[in-house]
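Work through the exercises below with the sequence and the 3D structure at hand. Each task is followed by a solution in steps.

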Amino acid sequence: MAADSAVNAVARLRDLDLERVDHRFKGLPPDAEGLTVGELAAERRNLFTGGFTTPVLALSAERLEHNLALMETYATNHGLAFAPHGKTSMAPQLFHRQIEHGAWGITLAVPHQVRVARAFGIERIFLANELVDPAALRWLAGELDRDPGFRFICYVDSVRGVELMDAALAEAGATRPVDVVVELGAGEGARTGVRTEDECFDLANAVAAADTLRLVGVAGYEGEVPDASPETVGAWLRRLTGLLVDLDKANRFADLDEIVVSAGGSAWFDAVAEVFTELPELSAPVLKLLRSGAYVSHDDGHYKHLTPFNRVPEEGALHPAFRLWAQVVSRPTPEQAFTNAGKRDAAYDLDLPEAQVVRDARTGEVREATGVTVTGLSDQHGWVRTDRGEDLAVGDWLGMGLSHPCTSFDKWQLIPLVEADGTVVDYVRTFF
């Protein structure tokens with residue numbers, strides 16, 4: 001069955017190359033209409049001279065590969081398994097690239113995302129959420145029954161949630177129990193998760209009483225720790241590992257071949273690595289599962305400032321891999337310009353795009369965007385302030401860095417993968 005899934009995954013990925021290029025995909029050359037994605041990729045067109053229209057989002061081929069390799073090395077060096085959060089890209093091609101670079105599996109957030117991953121043959125999925133939807137649980141029960149090689153783990157964070165899961169799975173006739181981990185909340189005022197250790201034990205007891213569920217460990221998200229600092233994050237992570245040790249001492253993981261502990265967003269994975277190394281020997285080997293996802297493209301804003309590699313530069317550096325290209329469509333005053341990329345094209349929930357380079361429409365020369373600042377976004381326009389004397393002309397292309405990968409990927413269904421010289425070598429399909 002696992003071999004069949006692998007074959008199906010390859011076929012599904014190949015099918016992406018057979019999809020026809022048409023009006024659904026922003027930025028692609030109009031004269032490519034009717035070609036398959038694979039045929040267009042084989043033409044190796046240039047992003048700037050090959051007929052692409054603006055705005056167009058480009059993903060650097062070299063920087064993507066660098067980031068994939070760096071996190072593989074980091075996880076290996078720190079004895080961590082890695083299940084990168086797939087909600088960042090929702091791109092099955094990238095899921096498989098991540099697995100080729102050593103990932104244990106893929107983390108996801110909602111049932112639709114799990115279905116996308118399963119459709120493309122992902123065999124190990126960590127759902128960083130409690131799953132209480134009866135329709136989704138019926139589907140999950142069928143998927144687990146159909147494929148014995150499918151490993152699925154999700155959160156539980158309430159006795160009521162356990163009751164709902166148990167009822168839906170029992171009604172569905174589930175034959176394999178669903179593996180669950182108790183989610184420890186990151187503190188008062190934080191997001192989801194159980195607030196106290198006593199409640200965690202009550203929850204573990206509820207899971208033990210449900211034939212459809214199996215407790216396999218604990219998890220949480222340190223990025224929600226209030227007033228996060230190395231000290232507060234470290235203290236919460238030690239609560240998490242302490243909970244795991246206490247549950248093991250109470251024999252809650254009897255008969256398991258593997259116990260799971262999981263944490264790790266994109267801002268504190270160095271703290272996760274440090275605290276997870278402190279775990280004592282337990283009754284079974286421990287899968288120390290890191291879930292950072294934004295690394296795949298990194299960014300020029302939020303994560304550029306938050307990445308743990310800033311604290312441990314000797315371990316490497318992630319490279320921002322996105323650049324959004326827009327065209328100047330209006331230059332009403334010497335201090336003002338407007339581009340044709342707005343909120344529908346650029347991430348803006350954390351920071352505005354950063355003007356980086358200008359490609360001159362007359363000469364094709366690229367220069368630094370000195371004195372050029374993006375000051376706002378409308379739905380389809382970018383507001384740009386320029387220093388007096390800056391020769392930014394209508395028709396020029398403005399290359400911008402973005403902040404927050406999760407809300408960059410989700411605005412584009414098909415993203416050109418571009419080499420440093422502008423050659424488009426592939427296209428990344430997203431499913432949001």
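**Exercise 1. The nonpolar cores**

Task: In this predicted model, find which residues of the largest nonpolar core touch the most other members, and state which element gives the core its largest share.

Solution.
Step 1. The largest nonpolar core has 123 residues. Those that touch the most other members are M71, L108, F126, F152, V178, V180 and L213.
Step 2. Helix α9 supplies the largest share of this core, with 8 residues.
Step 3. Take V180 as an example and leave aside its neighbours within four places in sequence. V180 is then in contact with C154, V156, M165, V207, L213, R214, L215, V216 and G217.
Step 4. Another core, of 18 residues, lies apart from the largest one. Its members include F52, W325, V357 and Y427.

**Exercise 2. Helix α9**

Task: Check the span of α9 against the value expected from its number of residues, then list its buried residues and what they pack against.

Solution.
Step 1. Helix α9 covers residues 230-249, which is 20 residues. At 1.5 Å a residue, the expected span is 28 Å. The end C-alpha atoms are 28 Å apart, so the two values agree.
Step 2. The buried residues of α9 are V233, G234, W236, L237, L240, T241, L243, L244, V245, L247 and D248.
Step 3. These buried residues pack against two helices, α8 (197-208) and α10 (269-276), and against the strands β7 (213-219), β8 (259-263) and β9 (286-290).
Step 4. Just after α9, N251 has a positive phi of about 65°.

**Exercise 3. The parallel sheet**

Task: Give the strand order of the open sheet, identify its edge strands, and place α9 relative to the sheet.

Solution.
Step 1. Strands of a sheet pair through backbone hydrogen bonds, in either a parallel or an antiparallel sense.
Step 2. Here 8 strands form an open sheet with parallel pairing, in the order β2-β9-β8-β7-β6-β5-β4-β3.
Step 3. The edges are β2 (81-82) and β3 (106-108). Each has a single partner strand, so one side of each is left without a neighbour in the sheet.
Step 4. At one edge, β3 runs parallel to β4 (residues 124-130) and is joined to it by 3 bridges. L108 has L127 in β4 as its bridge partner.
Step 5. Helix α9 packs on this sheet and touches β7, β8 and β9. The direction of α9 makes about 165° with that of β8.

**Exercise 4. The partners of β10**

Task: For the pairings of β10 with β1, β16 and β11, state the sense and the number of bridges, and name one residue pair in each.

Solution.
Step 1. β1 and β10 run antiparallel and are joined by 4 bridges. V56 stands opposite W325 in β10.
Step 2. β10 and β16 are also antiparallel, with 4 bridges. In this pairing A326 faces L398 of β16.
Step 3. β10 and β11 are antiparallel over 3 bridges. T333 stands opposite Q336 in β11, and the two strands form a hairpin with 2 residues between them.

**Exercise 5. Salt bridges**

Task: Count the salt bridges, then describe the pairs E419 and R44, R388 and E335, and R367 and D360 by distance and exposure.

Solution.
Step 1. Side chains of opposite charge can pair when their charged atoms come close. With a cut-off of 4 Å from nitrogen to oxygen, the count is 26 salt bridges.
Step 2. E419 and R44 meet at 3.5 Å, N to O. E419 is in the loop between β17 (414-418) and β18 (424-429), R44 is in the loop between α2 (37-42) and β1 (56-60), and the two are 375 residues apart. E419 is partly exposed at 27% relative accessible area, and R44 is partly exposed at 45%.
Step 3. In the bridge between R388 and E335, the closest N and O atoms are 2.6 Å apart. R388 lies in the loop between β15 (382-386) and β16 (397-401), and E335 in the loop between β10 (322-333) and β11 (336-339), so the pair ties together parts 53 residues apart in sequence. R388 is exposed at 62%, whereas E335 is partly exposed at 30%.
Step 4. R367 and D360 form a salt bridge at 3.9 Å, N to O. R367 is partly exposed at 26%, while D360 is buried at 8%.
Step 5. R118, E123, E143, R146 and D147 are joined into one network by salt bridges that share partners.

Conventions
Residues numbered from 1 in each chain as written. Predicted model: local features only at pLDDT ≥ 70, side-chain atom pairs only at ≥ 80, totals over all residues. Heavy atoms only, no water. Expected span 1.5 Å × (residues − 1). Buried < 20%, exposed > 50% of the residue type's maximum accessible area, 1.4 Å probe, protein only. Contact = heavy atoms within 4.5 Å. Salt bridge = Lys/Arg side-chain N within 4 Å of Asp/Glu carboxyl O. Pairing = 2+ DSSP bridges. Axes fitted to C-alpha atoms, helices over the stretch in contact; angles between N-to-C directions. Core = buried A, V, L, I, M, F, W, Y, C linked by side-chain atoms within 4.5 Å.
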